[in-house]
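User: I would like to go through this model step by step, beginning with its sheet and then turning to the aromatic residues.

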Amino acid sequence: MKKIVIVGGVAGGATAAARLRRLTEKDEIIIFERGEYISFANCGLPYYIGEVIQDRNKLLVQTVEGMAKRFHLDIRNLSEVTAINRDQKTVTVKNLRTGEEYEEAYDTLILSPGARPMVPPIPGIEEANALFTLRNIPDTDQIKAYVDQQKPKSAVVIGGGFIGVEMAENLTERGVEVTLVEMANQVMAPIDYEMAAIVHAHMKEHGVHLILEDGVKAFENNGRRIILNSGRTLETDMIILAIGVQPESQLAKEAGLELGVRGTIKVNECLQTSDPNIYAIGDVIEVKNYIHGFETFVPLAWPANRQGRLVADHIHGYDVKYNGTLGTSIAKIFDLTVAATGNNEKVLKQYGIPYEVVHVHPMSHASYYPNAAQMTLKLIFEKETGKIYGAQAVGKEGVDKRIDVIATAIKGGLTVWDLPDLELSYAPPFSSAKDPVNIAGYAATNILDGTVETVQWHEIDEIVANGGTLIDVRTKKEYEQGHMKGALNIPLDELRERLLEIPKDETIYVTCQVGLRGYLAARILNENGFRAKNVDGGYKLYSSVFCTNH
């Protein structure tokens, strides 16, 4: 019989405890949870504030009493572990109800304390009355009570990550006028800038005021006024601070356990810390990037749950390993779904890893079946091998399915060569005979096998400015509604008859609405002795970034 002590519940700790009990009835299992609630739906919190979820009890995945009874666990909530005494193999615990301190022995210790919202020492932050962070049930209750009772007319959300954009949406749905301030040039860091530009336009359409590339310098008037780094001032009734989270690793640090990037706890592939009797899981740990192997910090729910089960299995002698985090993520932003998996361009550039990119704009299902919606799907891959590095998608419908398929392909070791060969379910209400994933695979393999060369949305303006020839092969009407700077209009169906108008002694760049007609034009030109390159993603992608209308 072993005595296993778990610090922290929610995703990782609660999952580990339940799995440990399923594997044996003999071990003594104690969970210490600093908060009142042992297992709750973190990701549902903004939607309770927005009243999409109306029953608060639905946020409670397990109650202390229910989980303790079902799994025969000793659960001590409102109990904070304040020290790990590794030499004695004990933890020091403070009962937050009574203030009493005591020591509890362990044979194996699992750390699952999670992460906490970052609260930087901004001048005036201590005096700000209606300033909130969102991480747990008490935070949620505070925010919802404030919105319900004080009925704020305006709110400023600081930070454009998952919590920030979800809170911006849900407060807007409650009738609050929302301004979102983000220090980077985009919201939603897992996606790249041109994909985020689609999100920016959508948020603005729904009344959110976006302030990018600006941060908070100070709070004044008890948080009623915000001074930005640019000097701009904002008046507001409430503030949501959502600039990110940091791992709750102080306990581990004080115990002398080895730490990793951004103050995370360093673990091996079996999730053991530098002390083999102590495991760590969830938002507090350093993980390996699944594709490229570098150390990183990915605070998401799936990894925490998976790690909780693996730790329990390893404790019981199973030969299991955690192979790294892919970082698959998704968010609802008003009518849009935004999803990503793997590495984005920003990360690959940071590590100096070469890559190729392709953007396609397929329909979510057969275009002739009602309510089909266009999505933008981005695939990032290695040119030599076709290895998939990552994917991103933004659209109103079907985005989740496509990103999940590509995430599965990455885990299965498939390349872009395999994507056209995936036999995916098809009926008009659900997809097309060529699924968006197939289409992305075809577009990528066209690049790999040399059928087409492409240039990116951010390259074409400079090419044209330097004298390059750009031909827009859309119809005259489409062209007149908006086109790239310096583009000449030769509709695709007239191209063969007008080849004499096109110079043969230079590379010709072609574009259309989404990339397909541009690809066809590039093939026609190349077969007729020209060298042509297609602008990847077409005018749709370009205009989403530049909002150009010539």
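User: Which strands are the edge strands of the open sheet?

Analyst: In this predicted model, five strands form an open sheet with antiparallel pairing, in the order E23-E24-E27-E26-E25. From one strand to the next, the twist averages 10°. An edge strand pairs on one side only, and this applies to strand E23 (329-333) and strand E25 (356-360).

User: What is the bridge partner of Lys378 in E27?

Analyst: Strand E26 (residues 376-381) and strand E27 (residues 388-395) run antiparallel and are joined by six bridges. Within E27, the residue that partners Lys378 is Gln392.

User: Is Trp457 buried or exposed?

Analyst: Trp457 lies in the loop between strand E28 (453-455) and helix H12 (460-465), and its aromatic pair links it to Phe546 in helix H15 (residues 538-546), 89 residues apart. The pair is tilted, with 6.0 Å centre to centre and 55° between the planes. Phe546 counts as partly exposed because its relative accessibility is 36%. Trp457 has a relative accessible area of 10%, and since buried means under 20%, Trp457 is buried.

User: Which residues form one aromatic cluster with Trp457 and Phe546?

Analyst: A search of the whole structure finds six aromatic pairs, among them the tilted pair of Trp457 and Phe546. The residues that form one cluster with these two are Tyr193, Tyr539 and Tyr542.

User: Which residues make the nonpolar surface patch of about 360 Å²?

Analyst: One of its members, Tyr426, lies in the loop between helix H10 (399-411) and helix H11 (436-448), and counts as partly exposed because its relative accessibility is 41%. The patch is made by Tyr426 together with Tyr368 and Tyr369.

Definitions and conventions
Residues are numbered from 1 along each chain as its sequence is written. This is a predicted model: local features need pLDDT of at least 70, side-chain atom pairs count only at pLDDT 80 or more; totals for chains, interfaces and linings use all residues. Side-chain values use heavy atoms; hydrogens and water are left out. Patches are made of residues with over 30% relative accessible area and no salt bridge: like charges are joined within 9 Å, nonpolar side chains (Val, Leu, Ile, Met, Phe, Trp, Tyr) within 5 Å. Accessible areas come from the Shrake-Rupley method with a 1.4 Å probe; for residues, only the protein chains shown count as cover. A salt bridge is a side-chain nitrogen of Lys or Arg within 4 Å of a carboxyl oxygen of Asp or Glu. Helices (H or I, at least four residues) and strands (E, at least two) are DSSP runs, numbered from the N terminus. Buried means under 20% relative accessible area, exposed over 50%, partly exposed in between (1.4 Å probe, protein chains only). Two strands pair if DSSP finds at least two bridges between them. Axes are lines fitted to C-alpha atoms, for helices over the stretch in contact, and angles run from 0 to 180 degrees between N-to-C directions. Rings of Phe, Tyr and Trp (its six-membered ring) pair if their centres lie within 6.5 Å; planes under 30 degrees apart count as stacked, over 60 as edge-to-face and the rest as tilted.
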